[in-house]
Structure formats: structure tokens, C-alpha cells
Amino acid sequence: MATENGEPSRSRVGYIWSQELQDVSDDLPSNIGRSSMVHALIKALDLLDDETEDGDVNNGEDRNKARIVPPDEELGTEQCLLKYHDQSYIDALKKYRASSPPSYDPTAPRDTSSTSAPPAKRARTKGPNLQEYRDMDEYNLSHDNPPFPKLPRYITLIAAATSTACRMLVQDEVDFVVCWDGGRHHAKKSEAGGFCYINDLVLGLLLLSREGKITLPPDQHVKGKPKKRPPRILYLDLDLHYSDGVSSAFHSTREYPDPMPETKPPKPPSVMTFSIHHLATGFYPPFTPWAELTNPWLPTPFSLSIPLRAYPSSKTYKTIWEGCVEPIVKEWDPDYVVLQMGSDGLPEDRVGQFGNWSVEEEGGMRWCIDRVKKWGKKTCITGGGGYNHPNTARTWATITSSLLDRPINGETPIPHHEHFEEYAHSFTMEVPQGHMEDQNTEKYLNKACEDFGYIATRIKDIVASSLR
């Protein structure tokens, strides 16, 4: 896109934030205090701007900034949550509990030689009694997913945050919208999992499916009345962990012949899920066949998966991106993209542990974002995993700056702000490179690219059949 004088136009970037959203996200047991670190750094880098009363932004400054938008709580009501989650589960999440959560940090390394719980990051009072534990475990609300006092408000605001972001895309208010507190891709219909209590991503994707219908060209209108088609949506998950919650929610059982029939071809689903993740015995989530490398001859090629072996480098991500992601995007030609950018695939993440990705290298996280920008699609970008909080803040700030065409690099100094001392010892934006050997072989990556090249041709046939 270009302005009237021929200069490239600035991307319109929305930024989902409110003080209460930050506060409740700070209390998430797996990421205590992370939200404050992320938002404070992005604010300190002068990347955010509130809209003034007269509608002008940036206060006359010649720099693009993201517009802060609070979550619309009307999109986080119980009625909204029930568009995916079960009533009994929502009741359990909202139930008042007189006692406090289990007294441990669920992301702390486990000491298998001790029977005592790992030390808490934050002091807590006594935990739930036995009957309360039994009630919680029905929905996996203990151990790694302990209830916490602000959980009822948390699920409302997280669901509202990502759905607000998706509605902004539908209403053409932004080109990109960021929701760093969202991205809880493990939560199931009636079960918490992987530090996720509510699946804000599923709710946002459902909203896009309902509200994001695409008006067809005038020559395809019926008796002068506009005709619409369902949107094509790409959910792309780059978290180190498999997107089991989202992928299972949208897994289609409809079969698509190869080649497609000329008459009455089956319509494609609105949502394609695509997860690139680490997969190994004992690595979360528990094994499911859908997390394996997608078989190109499967009858339903819309739940895509590329498992990576330990310590995937930026070179591996570049190969996968160019040989697998780009061909799929070209043929699916999505109207909307929802991108989950968990940062637990970076080195030194205390939960990911098998990550070796980078931020700045070719094939790194910023490189991927720059490729997404070139697609020219309405895109929502969420957070997700990321348990080295300073590195997560650095990474998501870098991505935000890239969306605004205000790139920063590893040498950029951390501005003085309330979390400045937590960026010792470098006090720069650099996320250190990993040094582990990438266990993804050229043979394996070539096979993945070959398989996904064939899947792309199938998707091209399916999309073309739907437009006939």
C-alpha cells in the first residue's frame, strides 16, 4: 500500500491492553509478573500511544505507534465463554475458593529427589483441602494449573482481549493487532492444561468465522444483492509446544478426495490450524498422532503439524518457513491470520529447555514477522509460552517495533524504567544466541518440505473447487 504521494503507508497497529488485564495476567501462577515486564518495556521504548479525544494520534510526532485498545468485556461474558467451553467447567473456574492455590511455582524445575513442593515465587497461605483438590482435578485445576484468586476476572479479560483483537480485524480498524497476554493454546473445552485456563484463541477464531465473512465481487452478486462467503483463516502456532487445544477444537473430520470431484465438492473449513513445535517422549503436551508430521495423503489436510527435534536453530525455521509455510499460505490465501508467538523456543527458557531459536538471525522470530507482514493479511498476533521473562519482554518488544516499521536490534539499550535492573548484565535488547547442536537433519527437513509441497497442491485444488 502507498499514500497519495507514493510513499509506503504505515501499518495500522492495535495493542490490546488495560491496567486490569495486566494486573490479572501478572498473577498467572506460571508467569508471575511477566505481563508488567512486557508492557513496561514496550512503553519505555515509546512504541505505544493513546488516541486523543479529537482522534489524532502520535501527538504530531513523525513516528508510528501502536494504538492502545482495552478489552471489550462484552466479548468475555459467560455467554461468550460458552461458545466453546462447557458450563460446568466455567462454573468451576468462577467458583469462589476460600483457600489459596497450591504453594508452589508450577514452572519451577522439579527436584525428583525430594517429596516436598518446590519453593514458591510468591508467598502463599495454606492450600486447598482434600475435597477441594478432588473438585479441581475433575477439570485439571491443580498442580500445573492451580486456581488463583483473580482467576474469574482473568478468564473474562483474556477471552475478551483476543476476541477484541479479532473483531478489530473484521471491522478493518487495524492491519495488525497485538495481544501479548493472550495465546493460551492448551486449554480444552472442559479442562485446563499447560498453564492455560481458557482458550482465548479458539474463541477469537470462532468470532472471525462468524463475523468475518467476505463480500464477493459485484459480478457474483445474486439479483443485485451482495453475496458473501465464509472467511479462510490461518492459525499459525510457533510456540515450542504443540497447539493441542486449538488444533483439536478445529480438527475437521470431513474428507477431501484427491483430486476433488467436479460436482458437489466438499467445502473447506473456515479455520486451518498449523503448528510448528518440538515433539519428544515426555515433552508436553501428552502424545497425540495429530502432533506428528502431517501425512500428505490424509483425507483432511487442514490440521497441519511439523514436529521438530531438539534445539531447532533459526536455519531450521528458515527452511521450514520457506519450504512449508509459504507454499501453504500461497494456496490457502487466508483472509485473516492469527499468529501465536510463544517465546519458549528461545535458549535459556526454563520450561522449553529444548529451544535454540533466535530473535535477530535470518530465520529468527523477527525475520518471520517480517515475512508475515509481506503477506498483506489482516493479522492478530498473540503471546503464549515464555518463561524467561526478560528475554520474552525483549522478544515481544522487538516484534512490536517491527510491526511499526521502527526496528530495534540487540545493541539497543534498555531504557530506564521500573524493571531496568532485571535486564542485567547487558542492559541491552540482545537475546543471547544458543549453542546447542541442532538435531533436525537436512534429510528430515527436506521430507517435511516435500510433503507440505504436496499438501499445498491439494489445498489449491480444494480452494479452487469451493469457488466454482
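The following paragraphs describe a predicted model, moving from the chain as a whole to a helix pair, one tyrosine and the cysteines.

The protein chain contains twelve helices and eleven strands. Of its 468 residues, 58% are buried. The accessible surface of the chain amounts to about 20800 Å², and carbon and sulfur atoms contribute 51% of that area. Contacts in the chain can also be viewed by sequence separation: among those with a separation of 6 or more, 78% join residues 24 or more positions apart.

One helix pair may be examined in detail. Helix H6 spans residues 151–170 and helix H7 spans residues 200–211; their axes come within 8 Å and cross at roughly 30°. Because angles under 35 degrees count as roughly parallel, H6 is classed as roughly parallel to H7. The crossing of the two helices is right-handed. On the H6 side, the residues that meet H7 are Ile158, Ala159, Thr162, Ser163, Cys166, Arg167 and Val170. Their counterparts in H7 are Asp200, Leu201, Leu203, Gly204, Leu207, Leu208 and Glu211.

Tyrosine 84 offers a second point of entry. This residue is located in the loop that runs between helix H3 (78–81) and helix H4 (87–94). Its relative accessible area is 11%, and tyrosine 84 is therefore buried, the cut-off being under 20%. When residues up to four places away in sequence are not counted, tyrosine 84 touches Lys188, Lys189, Asn199, Val202, Leu203, Leu206, Gly245 and Ala249. Among these, Leu203 also belongs to the set of H7 residues that meet H6. Alanine 249 is 165 residues from tyrosine 84 along the chain, yet the C-alpha atoms of the two residues are separated by 8.6 Å.

The cysteines remain to be considered. A disulfide is a covalent bond between the sulfur atoms of two cysteines. How many disulfides does the structure hold? The number is zero. Cysteine 179 illustrates this: the nearest cysteine sulfur, that of cysteine 380, is 6.3 Å away, and cysteine 179 is in no disulfide. Because a disulfide requires the two sulfur atoms to be within 2.5 Å, the 6.3 Å separation does not qualify. Cysteine 179 has a relative accessible area of 0% and is therefore buried. Cysteine 80, at 15% relative accessibility, likewise counts as buried, since the threshold is under 20%.

Terms used: Residues are numbered from 1 along each chain as its sequence is written. This is a predicted model: local features need pLDDT of at least 70, side-chain atom pairs count only at pLDDT 80 or more; totals for chains, interfaces and linings use all residues. Side-chain values use heavy atoms; hydrogens and water are left out. Buried means under 20% relative accessible area, exposed over 50%, partly exposed in between (1.4 Å probe, protein chains only). Helices (H or I, at least four residues) and strands (E, at least two) are DSSP runs, numbered from the N terminus. Contact means heavy atoms within 4.5 Å. Accessible areas come from the Shrake-Rupley method with a 1.4 Å probe; for residues, only the protein chains shown count as cover. Axes are lines fitted to C-alpha atoms, for helices over the stretch in contact, and angles run from 0 to 180 degrees between N-to-C directions. Angles under 35 degrees count as roughly parallel, over 145 as roughly antiparallel, 65 to 115 as roughly perpendicular and the rest as oblique. A crossing is left-handed if the near helix is turned anticlockwise from the far one by less than a right angle, and right-handed if clockwise.
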